[in-house]
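Hi,

Here is the structure I promised to pass along. Have a look at it first, and my notes come straight after.

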Amino acid sequence: MSDRTPTVGVTMGDPAGIGSEVIVKSYPTLVETATVVVIGDASVLEDAAERFASGLTVRRVDSPLEAEADPETLPVIDLDNVSDHEYGELSQANGAASLEYVERAIELAQAGEIDAITTAPINKQATRMAGSEYAGHTGMLADYTGTDDYSMMLIEDDLTVTHVSTHIPLREACDLDVDDVASTISVTDEALRDLGIDDPSVAVAGLNPHASDGGLLGDEEAEVIEPAVDRAAETDVDVTGPLPPDTVYVRAASGEFDCVVSMYHDQGHIPIKMLGFTGDGDAVSGVNVTIGLPIVRTSVDHGTAFDIAGEGVASEQSMIDAVSTAVRLAR
């Protein structure tokens with residue numbers, strides 16, 4: 001890529017959630033480093049701008065090429081697919097609308113019309129009501145791009161984690177596979193290099209307490225995780241593990257490792273969200289990256305927050321962080 005400002009397509013997320021609010025609040029900051037075009041519904045964004053970003057004008061565009069990095073004018077590719085808009089309401093129609101934004105963004109990225117995608121939150125219940133088989137953005141992005149080896153990476157200040165599995169029941173997550181663990185280690189190393197870390201160090205968390213304590217507390221470490229670590233090490237990845245999951249995140253946050261490969265969703269999410277959420281429970285920072293894709297995709301690290309949608313109290317910091325990371329990866 002040249003030194004030109006990357007163009008980031010931001011999907012609006014569920015129309016009833018806080019996506020439109022965090023977009024309009026963050027937009028003047030986003031255009032300091034990127035040209036941003038929103039894929040969403042212009043009428044919802046106009047309402048959000050009127051409520052939460054006085055002085056911001058929404059402009060409908062047909063192509064990302066028409067977008068300009070003007071802090072006072074928000075360009076939107078208007079899919080015009082929302083009627084009877086109400087904040088905080090779960091609905092099939094909003095689930096379908098949010099999926100359409102993601103589909104259009106993927107098309108634009110694959111066509112080279114945008115350099116990266118940043119997604120505002122969708123609601124999994126709403127998308128299921130709309131007939132989607134996906135538990136979230138990650139699987140959808142992988143299928144639409146024909147990607148087999150991918151992972152969710154979360155970034156919060158001094159801690160970065162990836163996941164062998166995400167949105168599946170815990171019983172299924174414990175059924176580990178050597179290939180899956182080794183693949184996650186590999187794409188983690190590649191993603192860290194894409195983020196500008198020349199010689200990344202990767203730690204791998206164990207599944208069991210104390211990483212099985214030499215086999216006393218389980219055999220997944222010896223039979224699955226250790227062989228995966230050995231396989232990755234043979235490809236010159238600087239990888240260590242399996243390490244006790246109750247201490248490895250502290251070690252990584254203190255600078256000993258650049259990333260921790262987590263075995264399942266909550267194992268990686270809990271330490272990240274302990275760092276990224278304020279005391280009152282509002283997400284203020286953190287970035288979700290889908291690594292291994294042929295396109296760049298980042299996301300806010302929070303949900304639709306229907307309970308506060310429309311109240312003007314949502315933090316835009318995670319959106320700012322997500323677009324900033326998208327720019328780093330796109331460059």
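Below is what turned up on the two largest pockets and on a pair of serines.

One thing to keep in mind: this is a predicted model.

Let's start with the pockets. The largest one has a volume of about 480 Å³. It is lined by 25 residues, and those closest to its centre are Tyr150, Val164, Ser165, Thr166 and Ile168. If you want to find it by secondary structure, look at α5 (137-144), β6 (151-156), α6 (170-173) and α7 (178-194), the elements that each give two or more residues to the lining. As for chemistry, the lining of this largest pocket splits into nine nonpolar, ten polar and six charged residues.

The second largest pocket holds about 400 Å³ of space. Its lining counts 20 residues, with Ile122, Lys124, His167, His302 and Gly303 closest to the centre. Here the elements giving two or more residues are α5, α10 (265-276) and β12. The breakdown for the second largest pocket is four nonpolar, twelve polar and four charged residues. Note that α5 is on the list for the largest pocket and also on the list for the second largest.

Now to strand β12, which spans residues 297-300 and includes serine 299. Is serine 299 buried or exposed? Its relative accessible area is 4%, and since the cut-off for buried is under 20%, serine 299 counts as buried. Setting aside neighbours within four places in sequence, serine 299 is in contact with Thr119, Gly286, Val287, Asn288 and Ala322. There is also a side-chain link inside the strand's own stretch of sequence: serine 299 and arginine 297 share a polar contact of 3.4 Å. Another pair to check in your viewer is serine 299 and histidine 137, which sit 162 residues apart in sequence but 9.1 Å apart in space, C-alpha to C-alpha.

The other serine is serine 212, and this one is in a loop, between β8 (201-205) and α8 (220-233). Despite the loop setting, serine 212 is buried too, because its relative accessible area is 5%, again under the 20% cut-off. Not counting residues up to four places away in sequence, serine 212 touches Leu217, Gly218 and Glu221.

That's the lot from my side. Shout if anything looks odd when you load it.

Cheers

Definitions and conventions
Residues numbered from 1 in each chain as written. Predicted model: local features only at pLDDT ≥ 70, side-chain atom pairs only at ≥ 80, totals over all residues. Heavy atoms only, no water. Helix = DSSP H or I, 4+ residues; strand = E, 2+ residues; numbered from the N terminus. Buried < 20%, exposed > 50% of the residue type's maximum accessible area, 1.4 Å probe, protein only. Contact = heavy atoms within 4.5 Å. Polar contact = N/O pair within 3.5 Å; in protein donor to acceptor, adjacent residues only side chain to side chain. 1 Å grid on protein atoms, 1.4 Å probe; cavity = no way out; pocket = protein on both sides within 12 Å on 5 of 7 lines; lining within 4 Å. Points joined across faces, edges and corners; volume = space filled by probe spheres on them. Nonpolar A, V, L, I, M, F, W, Y, C, P; charged D, E, K, R; others polar.
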